[in-house]
Amino acid sequence: MNQERILEDAEAAGIADIAGKVFEGTRLSREDGVRLYGADLHAVGALANWMREDRHGDLTYFNVNQHVNYTNVCNKLCRFCAFQRLPGQEGAYVMKPEEVAEKIREQRDEPVTEVHMVAGIYPKLPYEYYLDIIRAVKAERPSIHVKAFTMIELMQIARRAKKPLAEVLPELVEAGLGSCPGGGAEVFADRVRDEGYDKKNTGQEWLDTARAVHEAGLRSNCTMLHGHIETPEERVDHLDRLRLLQDETGGFQTYIPLSFHPANTEWSHLPGPDALAELREMAVGRLMLDNIDHIKAYWIMLSIPVAQMALSFGADDVDGTVVEEKIYHEAGATTPQRVKRAELVQWIRDAGRVPVERDTLYNVVWSADEELAAVGSAAPVMGAAGGRG
Ligand code: V47
């Protein structure tokens, strides 16, 4: 859609001033962000789509990855979580390093480039365990990129190591850690944390840990868990705090809005977001996070049809092939646990976009776009001001 048409729709929706800012590359304020939650969805989506196409054209990134959740034992008792078990509770498990390696071995005939490894917080696990599971993965498949440990896991690992995180991170890297995922950020606002996950790190601790990760030279992702008890103002606060940290470090590669799935959680009485709320969250993320290059529509959580639509509401990435997802499926997700690479490629094409297989750091592995295939990289450079443009 051209700028004039988008502007007409924005005018009708009362957000022409916001559209003007987006077109000229001016940062949106917190107030603008709150207004985007109340404005006509199609006008907001068209604006986010303009920004997506301005940056990435039709290119849509995916990777061939595998998830491993090494334990579901957790002491944080988050009310939104259906995955956690107490030690000894039925269904509780902790994988030995050999079992983690076995999971990797099972996929040896697939062109997997990344393992996404996250889990609960089980205080009994020693520091060596975390090093050993990374080493086990790398020994089994040396070429694989290990994207592991959310910020709260890193805080726990440092606690067990009895060393500051700045000393622990190089040791994890030495073992084979390549980058960190974006989970566990939830909603930073203290009010929401106090009601929903008061045993977990604060929002500020999550941000401080992410800063340390970036200072250690690692890239990471960021998320927001939306669609439960948070207000639009609290969502905008969360996005603004991510944006400010990104101004400082440039270390975030991708933002992923995560839709709350209520089944089997203490918040099962809440409805969770519908598809329209999911599309709006994608669009607001794209528009507010002007310094984060990629916005991911995590198909496992959204369903494939909603993820396809999200590609016209600001998203330019769909995550990967996944294989055996537990966190959402325990919470009632009805999506498959894996798709084949060829299926991902096809449904990106069906959405009218150009599929690009990337590695974790956005180097191009394969592209349907010949020019990009020749350049071989869509990776932003880490440093101040992130990857604008
Ligand atoms: O940290 C937990 C969330 C996260 C529920 O970095 C729930 O590339 C909805 O972070 N309903 C894990 N959400 C998933 C995650 C992720 C996924 C894909 C890619 C990346 C990346 C990161 O899921 C948790 C928590 O925030 N979560 N329970 C639930 N019932």
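Start by selecting the ligand together with His261: a nitrogen atom of the ligand sits 2.8 Å from a polar backbone atom of His261. Keep in mind as you go that this is a predicted model.

**Around the ligand**

Now add Gly182 to the selection. One of its polar backbone atoms is 2.7 Å from an oxygen atom of the ligand. Then show the side chain of Tyr328, where a polar atom lies 3.2 Å from a nitrogen atom of the ligand. How much of the ligand does the protein cover? On its own the ligand has 620 Å² of accessible area, and the protein covers 95% of it.

To see what does the surrounding, widen the view. The ligand has 23 residues around it. The closest are Phe80, Gly182, Gly184, Glu186 and Lys296, so try colouring those five to make them stand out.

**A three-stranded sheet**

Next, switch to a cartoon view and select strands S6, S7 and S8. These three strands form an open sheet in the order S6-S7-S8, with parallel pairing. The edges are S6 and S8 (294–295), each of which pairs on one side only.

Take the S6 side to begin with. Strand S6 (residues 220–226) runs parallel to S7, and six bridges join the two. To find one meeting point, select Cys222 and look across to its bridge partner in S7, Tyr255.

Stay on Tyr255 and turn to the other side. Its bridge partner in S8 is Ile295. Here S7 and S8 are joined by two bridges, again running parallel.

Is S7 enclosed or open to the outside? Select residues 252–259 and turn on a surface: eight of the eight residues of S7 are buried, so the strand is largely enclosed by the rest of the structure.

**A cluster of rings**

Now hide the sheet and show four side chains: Tyr70, Tyr129, Tyr130 and Phe149. Ring pairs link them into a cluster. Across the model, the count of aromatic pairs comes to twelve.

Look at Tyr70 and Phe149 to begin with. Their ring centres are 6.1 Å apart and their planes meet at 85°, so this is an edge-to-face pair. Tyr70 belongs to the loop between strand S2 (65–68) and helix H5 (97–106), while Phe149 belongs to the loop between strand S4 (145–148) and helix H7 (151–161), so the pair ties together parts that are 79 residues apart in sequence. Both Tyr70 and Phe149 are buried.

Then swap Tyr70 for Tyr130. The rings of Tyr130 and Phe149 have centres 5.8 Å apart and planes at 80°, so this pair is edge-to-face too. Tyr130 lies in helix H6 (residues 127–140) and Phe149 in the loop between S4 and H7, so this contact ties together parts that are 19 residues apart in sequence. Tyr130 counts as buried because its relative accessibility is 1%, and the value for Phe149 is 0%.

**Arginines over rings**

Two other spots show an arginine placed over an aromatic face. Select Arg341 and Trp366: Arg341 lies over the face of the ring, 5.1 Å from the ring centre. Then select Arg358, which lies over the face of Tyr362 at 4.3 Å from the ring centre.

**The loop after S7**

Go back to S7 and follow the chain into the loop that leads to helix H12 (275–288), where you will find His269. With 60% relative accessibility, His269 counts as exposed. Draw a distance from its C-alpha atom to that of His228: the two are 41 residues apart along the chain and separated by 9.9 Å.

Asn264 is in the loop between S7 and H12 as well. Its phi is near 65°, a positive value in a residue other than glycine. Asn264 counts as exposed, at 61% relative accessibility.

**Last stops**

Which setting does Asp319 have, buried or exposed? Select strand S9 (residues 317–320), where Asp319 is found. Asp319 is not a glycine, yet it has a positive phi of about 70°. At 3% relative accessibility, Asp319 counts as buried.

Finish at Asp9, which lies in helix H1 (residues 3–12). Asp9 is partly exposed, with a relative accessible area of 29%. Its C-alpha atom is 25 Å from that of Leu59, 50 residues away along the chain.

Key:
Residues are numbered from 1 along each chain as its sequence is written. Side-chain values use heavy atoms; hydrogens and water are left out. Rings of Phe, Tyr and Trp (its six-membered ring) pair if their centres lie within 6.5 Å; planes under 30 degrees apart count as stacked, over 60 as edge-to-face and the rest as tilted. Helices (H or I, at least four residues) and strands (E, at least two) are DSSP runs, numbered from the N terminus. Buried means under 20% relative accessible area, exposed over 50%, partly exposed in between (1.4 Å probe, protein chains only). A charge sits over a ring if NZ of Lys or CZ of Arg is within 6 Å of the ring centre and within 35 degrees of the ring normal. A residue is near a molecule or strand if one of its heavy atoms lies within 4 Å of it. A polar contact is a pair of N or O atoms within 3.5 Å; within protein, one must be able to donate a hydrogen and the other to accept it, and residues adjacent in sequence count only if both atoms are side-chain atoms. Accessible areas come from the Shrake-Rupley method with a 1.4 Å probe; for residues, only the protein chains shown count as cover. Two strands pair if DSSP finds at least two bridges between them.
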